[in-house]
Amino acid sequence: MIKTARFGYDGKGQVRVESAEEVQEILSHNSDLLPCILEEIVPLRLEISVILARTSAGEISHWPVAENRHHQGILDITIAPARIRDELAARARKMASEIAERLEYVGVMAVEFFVTGIDQILVNEIAPRPHNSGHYTLDACITSQFEQQVRVLCDLPLGSTEQLRPAAMINLLGDLWQEGTPPWTLVFQEPEAKLHLYGKEKPRPGRKMGHITVLGPSANEALERALRLKNALTTTASCSVAV
């Protein structure tokens with residue numbers, strides 16, 4: 001896999017290749033990918049992320065490890081807490097903390113991991129900022145990743161990162177706006193769903209326009225509710241286009 005070393009996100013700046021010859025061919029016609037790295041394709045069981053905050057004094061707090069699903073290189077759904085063994089979650093938090101400490105990082109940071117079939121965890125991405133997979137913290141945790149960023153940068157005490165309720169977050173891409181504003185009444189019919197729109201004027205396919213966080217008594221139930229809601233919104237948008 002060719003990955004650009006600059007400005008790559010949501011699957012952009014990535015090209016899957018099968019041979020050294022193909023690498024040379026692609027780079028000779030795509031100088032915008034340079035500089036780049038070449039990564040081995042690994043068999044994945046799932047993807048997870050750790051969102052943490054580190055103060056200038058070196059104090060670190062974590063939110064629960066999140067489980068992520070992507071579609072066409074873009075984050076589609078986040079489930080928190082991740083449905084993984086405690087030992088695996090602890091390893092991920094430890095690795096993320098070590099990265100923040102080595103970098104002497106101050107602020108909120110996300111570290112994304114690949115999890116292989118034998119529970120090996122590999123760092124996939126480091127995002128030095130509040131992260132899409134942490135948006136659920138706005139509705140499910142005592143302190144959101146955004147509030148924590150302000151606390152750290154203003155040298156205030158860290159807030160509690162305790163999660164009050166399991167959650168599933170679904171990203172809203174511009175594809176839903178094909179025939180105008182989506183039917184948000186479907187969201188409001190779900191008593192534990194929270195709609196967040198980002199105020200972007202021009203929706204386009206693949207552009208993140210907002211997200212919905214759905215809470216539940218368990219991670220599985222929150223995910224089921226989120227998937228039902230996503231399917232209802234997608235089906236309605238598809239029917240509008242067909243008509």
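Me: Before we start, what does buried mean here, and which residues of helix α1 (residues 20-29) are buried?
Reply: Buried means under 20% relative accessible area. This is a predicted model, and in it the buried residues of α1 are Val23, Ile26 and Leu27.

Me: Why do the buried residues of α1 lie on the same side of the helix?
Reply: Happy to walk through it: an α-helix has 3.6 residues a turn, so residues three or four places apart point the same way. Val23, Ile26 and Leu27 are the buried residues of α1. They sit on the same side of α1 because they cover an arc around the axis of only 95°.

Me: Which strands do the buried residues of α1 pack against, and which exposed residues does the face turned away carry?
Reply: The buried residues pack against β1 (2-4), β2 (14-15) and β3 (36-38). The face turned away from the buried side of α1 carries exposed residues, namely Glu21, Gln24, Ser28 and His29.

Me: How far apart do the C-alpha centres of domain 1 and domain 2 lie?
Reply: The protein chain is divided into domain 1, spanning 2-38, and domain 2, spanning 44-239. Between their C-alpha centres the distance is 27 Å.

Me: For "domain: ATP-grasp", which residues does UniProt list, and how far apart do the end C-alpha atoms of that span lie?
Reply: The unreviewed UniProt entry lists residues 1-154 under that name. This span is 27% helix and 34% strand. Its end C-alpha atoms are separated by 40 Å.

Me: How many disulfides does the count come to?
Reply: A pair of cysteine sulfur atoms counts if they are within 2.5 Å. By this rule the count is zero.

Note on methods. Residues are numbered from 1 along each chain as its sequence is written. This is a predicted model: local features need pLDDT of at least 70, side-chain atom pairs count only at pLDDT 80 or more; totals for chains, interfaces and linings use all residues. Side-chain values use heavy atoms; hydrogens and water are left out. Domain bounds come from an automatic or database domain assignment. Buried means under 20% relative accessible area, exposed over 50%, partly exposed in between (1.4 Å probe, protein chains only). Helices (H or I, at least four residues) and strands (E, at least two) are DSSP runs, numbered from the N terminus. The arc is that of the directions from the helix axis to the C-beta atoms. Contact means heavy atoms within 4.5 Å. UniProt positions are given in the numbering used here, feature names are shortened, and annotations may be inferred rather than shown by experiment.
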